[in-house]
Amino acid sequence: MSLRKGRLQSQYTIVDGLRMHARVSVESVPKDAPVVILVHGVVVSSRYMIPTAELLAPYYRVYAPDFPGYGESEKPKQVLELPELAATLCRWMDTVGIERATMLGNSFGCQIIAEFAMRYGDRIERAVLQGPTIDRHARNLPQQLWRFLLDAPLEDASQAPLQAYDYWLAGLPRIVRTIQMSLSDCIEAKLPYLRVPTLVVRGKEDPVVSQQWAEEVVNLLPDARLAVIPGGAHTLNYSAPLELSRVTRAFIDATQSHLQEKESLNENTFL
């Protein structure tokens, strides 16, 4: 059976004086189709989000930005901290005309989404947290390095050169500071502020995000459920995009009517 994939194209916008790159779907979908923003992980870019973006593009308006300093976006002199990354995402949404969106992040991208939801809760509609870091029970560099080393052979081998290219684009100082930022962030303190329907997705073989931590994340969220992908590792968006897109589509379908009813209720309240 052939997979239905959508086309993506590069889009550049100016945000806070910096040229920001995004991969954007160009498929014809209904004007009211949900907007899905893919949020990349630590040091990398939207490049490794392409397999999932292509599978979601026939159904949704899909955007996958590169944050300033990473991928094809312009590099600011200073590394943007988490609150600045969240603010940049909000201003980028303003620039491209997105009012609210479903956000799907991998790994550190989940930390950016949690920060974003805490500051701009009215701009997020749903969240898909795939492999959310950092497990508070292993928040130190040696344990994280060991877990990522265990994960490496479980991922699709073609991902390594893509990541190496993104690391080279970012440069060593930005790599070091971004990893420090990821390790020092306490995502568990922010998750209760993510007050939208949320799907936590874990690869069953993922050594970076344990089952215990994934369940803890779900319990900290006000409205969340957990999906476990058999055989999956940490980067499902690249290594298992079909399975990730399948559970994401089911989640969006299951929550769409609820959100529409809520919007209708809010509109009637102000009549």
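1. Secondary structure and overall form. This predicted model has nine helices and eight strands. Its radius of gyration is 17 Å, close to the 18 Å that the globule rule gives for 271 residues, so the protein is as compact as a globular protein of that length. If you want a feel for the dimensions, the C-alpha atoms fill a box of roughly 55 × 45 × 40 Å along the principal axes.

2. Burial and contacts. Of the 271 residues, 54% are buried. Looking at contacts with a separation of 6 or more, 78% are between residues 24 or more positions apart.

3. Surface and charge. The accessible surface comes to about 12200 Å², and carbon and sulfur atoms own 54% of that. On the charge side, there are 28 positive and 31 negative side chains, with the centres of the two sets 2 Å apart.

4. The largest core. In soluble globular proteins, nonpolar side chains tend to be buried together. Here the largest nonpolar core has 48 residues, and Ile37, Trp92, Met93 and Ile124 have the most contacts inside it. Several elements each supply at least two of its residues, among them strand 2 (18-25), strand 3 (35-39), helix 2 (82-96), strand 5 (101-106) and helix 7 (211-220). Met93 is a handy residue to click on: leaving out residues up to four places away in sequence, Met93 touches Ile37, Ile98, Glu99, Arg100, Ala101, Met103, Phe116 and Arg123.

5. A second core. Apart from the largest core lies another one, of 23 residues, including Val36, Tyr48, Ile229 and Leu244.

6. Thr88 and Asp16. Thr88 is found in helix 2. With a relative accessible area of 5%, under the 20% cut-off, Thr88 is buried. Not counting residues up to four places away in sequence, Thr88 touches Val15, Asp16, Met20, Pro68 and Leu80. Asp16 itself sits in the loop between strand 1 (8-15) and strand 2, and counts as partly exposed at 48% relative accessibility. Check its backbone too: Asp16 has a positive phi of about 55° although it is not a glycine.

7. Another positive phi. Ser107, in the loop between strand 5 and helix 3, has a phi near 55°, again a positive value in a residue other than glycine. Ser107 counts as buried, at 5% relative accessibility, whereas Asp16 is partly exposed.

8. A cis peptide. Where should you look for it? The cis bond joins Thr133 and Ile134, with omega about -5°. Ile134 lies in the loop between strand 6 and helix 4 (141-151).

Methods. Residues are numbered from 1 along each chain as its sequence is written. This is a predicted model: local features need pLDDT of at least 70, side-chain atom pairs count only at pLDDT 80 or more; totals for chains, interfaces and linings use all residues. Side-chain values use heavy atoms; hydrogens and water are left out. Helices (H or I, at least four residues) and strands (E, at least two) are DSSP runs, numbered from the N terminus. The radius of gyration is taken over C-alpha atoms; the globule rule is 2.2 Å times the number of residues to the power 0.38. Buried means under 20% relative accessible area, exposed over 50%, partly exposed in between (1.4 Å probe, protein chains only). Contact means heavy atoms within 4.5 Å. Accessible areas come from the Shrake-Rupley method with a 1.4 Å probe; for residues, only the protein chains shown count as cover. Lys and Arg count as positive and Asp and Glu as negative; His and the chain ends are not counted. The place of a charge is taken as NZ of Lys, CZ of Arg, CG of Asp or CD of Glu. A nonpolar core is a set of buried Ala, Val, Leu, Ile, Met, Phe, Trp, Tyr and Cys residues joined through side-chain atoms within 4.5 Å.
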